[in-house]
Amino acid sequence: DIALHQDEIVRLEGEIVRLEGEIELILELPPTKRWSGLQGDEIERPALAVKIDNVSVARPQDGINQADVVYEELVEAGLTRLIAVFQTTDARSIGPIRSARTSDPLLLEGFDSPLFAYSGANRGTRKAVAASQLTDVGYDAASSLYWRSTSRRAPHNLFSATERLWGEYSERDKIPPAPFVFRTLLDELHPSAEPAAGVLVDFGHAEVDYAWNGEGWERTHNGEAHSDSNGVRVAPPNVIIQFTTYSTSSADSRSPEAQTVGSGEAWVLTDGHVVRGHWERPNQFKPAALVANGRPIRLTPGRTWVALARAGTAEIR
């Protein structure tokens with residue numbers, strides 16, 4: 001018995017030495033930004049969410065490759081619209097900026113009263129935005145922060161910039177809760193991770209594909225490479241398929257409304273793998289958590305695109 005205890009003591013002492021070494025490595029790592037997991041000092045400012053048009057005449061868009069997070073939500077007729085959310089990054093031009101939907105307040109309220117930039121809405125949606133905890137910096141509230149491009153036709157020609165929008169609330173210096181957790185240099189992939197080449201999401205009239213290229217997930221929209229206005233391909237390190245129930249919007253019977261509070265299935269594509277897990281968001285004033293087999297799913301540092309997809313509309317390959 002004494003020999004067994006001595007062996008266990010030796011094993012535990014070795015484990016202590018290993019853990020102390022890992023702690024020293026962690027302490028030596030440079031600081032990272034909680035909204036992206038990338039190295040650098042935090043920027044003390046609110047989140048900024050911008051509604052971006054995503055129909056064919058609106059592409060290529062400005063600013064989509066600068067956002068920390070981009071959500072893709074279903075709107076009318078099987079089309080989609082983007083919500084680009086900025087916290088660590090800036091963009092000199094963002095757009096084309098389009099109207100809000102009732103899906104937006106519920107999705108965004110977890111980010112501590114984020115600034116919300118959009119171009120108009122119907123009466124019911126305006127009421128929903130006004131009743132929410134979003135900070136309205138939309139075109140109707142602050143038209144001087146926007147401009148019209150002369151190279152595009154209305155209504156696909158309204159733009160703004162992060163500096164202009166954040167400038168309206170320069171006194172706000174609190175970093176909002178981050179939507180994800182990220183791996184460090186010491187973290188391995190989630191134990192449930194499986195190799196994946198890509199994922200296809202069918203929204204209806206918008207068919208989106210992401211293909212792993214060794215560094216990111218190259219996005220294709222309706223068979224065409226999706227690039228920004230600088231010709232840079234959309235290829236974020238992380239893609240999340242957040243399976244979401246849609247109800248009918250109370251503001252417009254033609255408009256679907258994403259139900260992003262509660263829980264559901266989620267596929268997390270990161271580093272050439274997929275982790276099949278769940279999203280959990282019991283409180284609308286906090287972001288969703290990503291979990292698989294009782295453990296948090298940590299992402300690769302960098303940008304993330306999230307597809308709010310109906311069940312049965314996506315396929316891993």
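**A walk across a five-stranded sheet**

Five strands, in the order β13-β12-β11-β10-β23, make up an open sheet with antiparallel pairing. At its edges sit β13 (224-225) and β23 (314-316), each of which pairs on one side only. Keep in mind that this is a predicted model. As background, strands of a sheet pair through backbone hydrogen bonds, and they can do so in a parallel or an antiparallel way.

Let's start our walk at strand β10, which covers residues 198-202 and runs antiparallel to β11 (residues 207-212), with five bridges joining the two. If you look for G198, you'll find A211 of β11 standing opposite. Between β10 and β11 there's a hairpin with four residues between the strands, and in that hairpin G204 takes a positive phi near 130°.

Next door, β11 also pairs with β12 (residues 217-221), again in the antiparallel sense and over five bridges. A211 is a handy landmark here: besides standing opposite G198, A211 has E218 as its bridge partner in β12. The hairpin of β11 and β12 has four residues between the strands too, and there G214 is the residue with a positive phi, near 100°.

One more step brings us to the edge strand β13. Two bridges join β13 to β12, and the two strands run antiparallel. To spot the pairing, find H221, whose bridge partner in β13 is E224.

Now for a couple of individual residues. T304 belongs to strand β22, which spans residues 304-309. Is T304 buried or exposed? T304 has a relative accessible area of just 1%, so it counts as buried, the cut-off being under 20%. Setting aside neighbours within four places in sequence, T304 is in contact with D68, V69, V70, F180, P236, N238, I240 and L299. One of these, N238, also has a polar link to T304: their side chains make a polar contact of 3.4 Å.

E280 gives us another stop, this time in strand β18 (residues 273-281). With a relative accessible area of 38%, E280 is partly exposed, because that value falls between the 20% and 50% limits. What does E280 touch, once residues up to four places away in sequence are left out? The list is G262, S263, P287, A288, A289 and V291. Take G262 as an example: E280 and G262 are 18 residues apart in sequence, with their C-alpha atoms 6.0 Å apart in space.

Methods:
Residues are numbered from 1 along each chain as its sequence is written. This is a predicted model: local features need pLDDT of at least 70, side-chain atom pairs count only at pLDDT 80 or more; totals for chains, interfaces and linings use all residues. Side-chain values use heavy atoms; hydrogens and water are left out. Buried means under 20% relative accessible area, exposed over 50%, partly exposed in between (1.4 Å probe, protein chains only). A polar contact is a pair of N or O atoms within 3.5 Å; within protein, one must be able to donate a hydrogen and the other to accept it, and residues adjacent in sequence count only if both atoms are side-chain atoms. Contact means heavy atoms within 4.5 Å. Two strands pair if DSSP finds at least two bridges between them.
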